[in-house]
Amino acid sequence: MNVDDLMSAAVEAAGTDDFGPDTFVEGLSVLCASANDEAQLTELGRFAVEQNIIGSLVNRLKITDWVRQHPDVVQERIEAPLVVVGMFRAGTTFLSHLLDRDPGNRALLRWEASDSVPPPSPQTFRSGPRVDAANAAIDMLESLNPQMKIVHHEDAEGPTECITLLGQDFKSLTWEAIANVPTYSEWLLGADYRSAYRYHRTVLQVLQSGGVRGAWTLKSPNHAIAMEALTAEYPDARLVLLHRDPTVLCASACSLISTLTGTFSDADHTAYIAEHWTQMLADSVDRTEAFRLAHPEHEIIDVHYADLVGDPLRTIETIYATSDRELDDRARNAVAAYVSANPKGQFGTHGYRLEDFGLQADAVRERFADYVERYGIPAEVSAASTH
């Protein structure tokens, strides 16, 4: 993978050559080198990663061009977004779907995160050719690896993670989800995320300008390692931090990454995945704790996974009450209806074991003992989850 070739392909596809600030170039360069040298991609994998990179660059080009042609977009106000921070595999997807049931909220949808221009109107928000094309791409990917539908399924018209937008500045865990890229990962943990969140805001402004408005509800465990940059860009953000038994988090994250990266590489990355994603959870815990100590003015709403799945509606009520939002009857009924209509494991049971990755439960418990004690996180006896 060659940076110049990828950028040229994106320019040809987008029909414009202005990428905006060059803040993305270093990350893209490190990613390409890491993927070339370390990811051990199959031919299909290399093609898929290339197309993902080109697609990210194309959307960046289109966003930049749209703002140039519609300068008033930058006046759009993104006020007090509710941001679900993580932890990894602790129910962020489930929570984002519950929040999306409230008609007063505005989620970032999967299709629009990667195909943002022109911004959707209320009529094209959840249906139309772009939504259909995105669903077809999802179906094709899941046909290559059916396990993906069980491990982490998203509909194009449903809420998605902010990693897609951060990935268009090439500071995002999205690239680690499809390829094992140790050098890029090391660079990413030391990267300055401020430009990624400035771009993130710009995309939200563009999307909102189409007329689909509401209180933004966003989510990604990636935010846990970049909370300084997140809150610098969104100082009024309401932060929600999910907690779950680390033995389950580690096993589930390793299983997810093995499934995703295994679609694009036939090499055995088990040892790397086990070490890296356990450390990523530790880094997430450490960084969120450091942020709390440094910024007591930013209230964080702590939510236990057990409470979320045990009583979803009460959890939503608690989050709303703590973040000064009103949960009216229409929203309450919509959340309750979603819970009833979407039972756990509807796409199959996601099973995982620490031992499959050479990890021992006792060692993981000891490593995260302080975290578990600090938040009173209950142990889980079953390794099957709602993400």
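In this predicted model, contacts that reach far along the sequence dominate: among contacts with a separation of 6 or more, 83% link residues 24 or more positions apart. The overall dimensions fit with a folded-up chain. A compact globule of 387 residues would have a radius of gyration near 21 Å, and the chain comes in at 20 Å, so the two agree. Along the principal axes, the C-alpha trace spans about 55 × 50 × 40 Å. Just over half the chain is tucked away, with 56% of the 387 residues counting as buried. What remains accessible adds up to about 16300 Å², of which carbon and sulfur atoms supply 49%.

As for secondary structure, the chain holds 19 helices and five strands. Strand β1, residues 82–86, is well wrapped up: five of its five residues are buried. On one hand, β1 pairs with β3 in the parallel sense over three bridges, and here Leu 82 sits opposite Thr 217 of β3. On the other, β1 runs parallel to β4 (residues 238–243), joined to that strand by four bridges, with Val 83 facing Leu 239 in β4.

Helix α11 takes up residues 194–208, and its 15 residues reach 21 Å from first C-alpha to last, close to the 21 Å expected at 1.5 Å a residue. This helix is mostly covered too, with 12 of the 15 residues buried; among them are Tyr 197, Tyr 199, His 200, Arg 201 and Leu 204. The cover over the buried residues of α11 includes helices and strands alike: α3 (43–69), α5 (110–114), α8 (163–167) and α12 (227–233), along with β2 (105–107) and β3 (215–219). Strand β3 thus turns up twice, as part of the cover of α11 and as a parallel partner of β1.

Terms used
Residues are numbered from 1 along each chain as its sequence is written. This is a predicted model: local features need pLDDT of at least 70, side-chain atom pairs count only at pLDDT 80 or more; totals for chains, interfaces and linings use all residues. Side-chain values use heavy atoms; hydrogens and water are left out. Helices (H or I, at least four residues) and strands (E, at least two) are DSSP runs, numbered from the N terminus. The expected span of a helix is 1.5 Å times one less than its number of residues. Buried means under 20% relative accessible area, exposed over 50%, partly exposed in between (1.4 Å probe, protein chains only). Contact means heavy atoms within 4.5 Å. Two strands pair if DSSP finds at least two bridges between them. The radius of gyration is taken over C-alpha atoms; the globule rule is 2.2 Å times the number of residues to the power 0.38. Accessible areas come from the Shrake-Rupley method with a 1.4 Å probe; for residues, only the protein chains shown count as cover.
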